[in-house]
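Okay, thanks everyone, let's get started. I'll put the structure up and then walk you through a few spots in it.

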Amino acid sequence: MRVLLIGANGYIGRFVADRLLADPAVQLTALGRGDDADVRFDLATGSPGALTRFLDAVHPGVVVNCAGATRGGARELTRHNTVAVATVCEALRRSGCGARLVQVGCSAEYGPSQPGSSTAEDAVPRPGGPYGVSKLAATELVLGSGLDAVVLRVFSPAGPGTPAGSPLGRLAEAMRRAMQSGDGELRLGGLGAQRDFIDVRDVARAVHAASLSAAQGVINIGSGRAVRLRDAAATLARVAGYGGTLHELDGPPGALRPTIGHPRTESVGHRVDALGHHRTDALGHHRPDHLGSRGERTEPEHPAPAPHPYPDGCGSWQQADVRTARDRLGWRPRIGLEESLADIWMEAACRI
């Protein structure tokens, strides 16, 4: 089976590539913007015609798209997440290869959900931010393309290679710095959110299964269990052997408060978190500093509420209903959160 993998150098794409390469029946070709790609092509700027000519030459049976952007403004997100997918769909329609498309989507397409509920694929998407909107638009393009296609809506990926800017990446980095400095207290903020964490290697298994299946439409890929970030922090501390005290700061993640790793002895005039960033919470939300008359940073007397308390646009709760993945792909998650956190910590500890 010839598989064309787009975005092989990304967080999820790297593990998808490893999984596909482990299958002796798969002949893999990687397409991307990097020098190490088999074929260099920028989906955000390349034409569908150019991609069509390549598809006709390689004649893949499956195209897997793991490419996309998670950060940036609305224009950049639209270009990399929506326009790029439009290019893929149009090229596949023009090509004579008849390839199946496996598109990697995300849970941000759903937006906030009711606490205690499990989100199934038939839920009405209400993305709470530009990232989710751009990914939902891509999903709609795929579903309306008339192609043999499936969209895997991945919830919160975790495990080795977790980006430092993700919630779990920030927690690991804050704990590493606390242990490195011998700080017996770690103050954490923004840990009230509950997310459905799924190991990135299990995501790769789902992509492999989707490549071999005839399933179409949208399929959720998650663990089926929401975990509070404060519980993940406690598990990470146990895995890391951190013997200090974790102090959780009250309030929603958007409140103007000290944040991850805020040192106890730090002066009010220059608040910096343990990651070395100004005013950033566990979910990665930027909090503005306030300058006094002499330029020093001070707390506002009446802080205004943050416009986006949950920067991923998913609200306080997300949990996947994963029955469709089980029934249509024969897929179940195998790797628990503790193992994912252990691998995250292993990488963070190597930086001590």
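Before I point at anything, one bit of vocabulary: angles under 35 degrees count as roughly parallel, over 145 as roughly antiparallel, 65 to 115 as roughly perpendicular, and the rest as oblique. And please keep in mind that this is a predicted model.

So, with that in hand, look at helix 5, residues 167–181, and helix 9, residues 337–349. They pack at an angle of about 50 degrees, and their axes are 10 Å apart. Helix 5 and helix 9 are therefore oblique to each other. As for handedness, the crossing of helix 5 and helix 9 is right-handed. Who's touching whom? From helix 5 we have Leu168, Ala172, Met175, Arg176 and Met179, and they meet Leu337, Leu341, Ile344, Trp345 and Ala348 in helix 9. Sorted by class, that contact of helix 5 with helix 9 has nine nonpolar residues, no polar ones and one charged.

Now the other helix pair. Helix 2, residues 48–58, packs against helix 3, residues 74–94, at an angle of about 50 degrees, with the axes 8 Å apart. That makes helix 2 oblique to helix 3. The crossing of helix 2 and helix 3 is right-handed. On the helix 2 side you've got Pro48, Gly49, Leu51, Thr52 and Leu55, and they meet Thr87, Val88, Glu90, Ala91, Leu92 and Arg94 in helix 3. What's the mix of classes in the contact of helix 2 with helix 3? Six nonpolar, three polar and two charged residues.

Let me zoom out for a second. In the whole chain there are nine helices and 13 strands. Of the 352 residues, 51% are buried. If you take the contacts with a separation of 6 or more, 78% of them come from residues 24 or more positions apart. The accessible surface of the chain is about 15,500 Å², and carbon and sulfur atoms account for 50% of that.

Okay, on to some single residues. Glutamine 103 is in strand 5. Is glutamine 103 buried or exposed? Its relative accessibility is 2%, so glutamine 103 counts as buried. Leaving out neighbours within four places in sequence, glutamine 103 is in contact with Asn65, Val85, Lys135, Ala138, Val142, Val150, Val151 and Leu152. Take valine 150 from that list: glutamine 103 and valine 150 are 47 residues apart in sequence, but 6.2 Å apart in space, C-alpha to C-alpha.

Following the chain on from strand 5, there's alanine 120, in the loop between strand 5 (100–106) and helix 4 (130–143). Between alanine 120 and threonine 324 there are 8.4 Å in space, C-alpha to C-alpha, and they're 204 residues apart in sequence. Not counting residues up to four places away, alanine 120 touches Tyr110, Asn220 and Asp321.

Two more and I'm done. Serine 156 sits in strand 7, residues 156–158, and serine 156 is buried, with a relative accessible area of 16%. Its contacts, again not counting residues up to four places away in sequence, are Arg195, Asp196, Phe197 and Ile198. And then histidine 208, which is found in helix 6, residues 200–212. Histidine 208 comes out at 11% relative accessibility, so histidine 208 counts as buried. Leaving aside its neighbours within four places in sequence, histidine 208 is in contact with Arg19, Leu20 and Asp23.

That's my tour. Happy to turn the structure around if anyone wants a second look.

Methods:
Residues are numbered from 1 along each chain as its sequence is written. This is a predicted model: local features need pLDDT of at least 70, side-chain atom pairs count only at pLDDT 80 or more; totals for chains, interfaces and linings use all residues. Side-chain values use heavy atoms; hydrogens and water are left out. Helices (H or I, at least four residues) and strands (E, at least two) are DSSP runs, numbered from the N terminus. Buried means under 20% relative accessible area, exposed over 50%, partly exposed in between (1.4 Å probe, protein chains only). Contact means heavy atoms within 4.5 Å. Accessible areas come from the Shrake-Rupley method with a 1.4 Å probe; for residues, only the protein chains shown count as cover. Axes are lines fitted to C-alpha atoms, for helices over the stretch in contact, and angles run from 0 to 180 degrees between N-to-C directions. A crossing is left-handed if the near helix is turned anticlockwise from the far one by less than a right angle, and right-handed if clockwise. Ala, Val, Leu, Ile, Met, Phe, Trp, Tyr, Cys and Pro count as nonpolar, Asp, Glu, Lys and Arg as charged, and the others, Gly among them, as polar.
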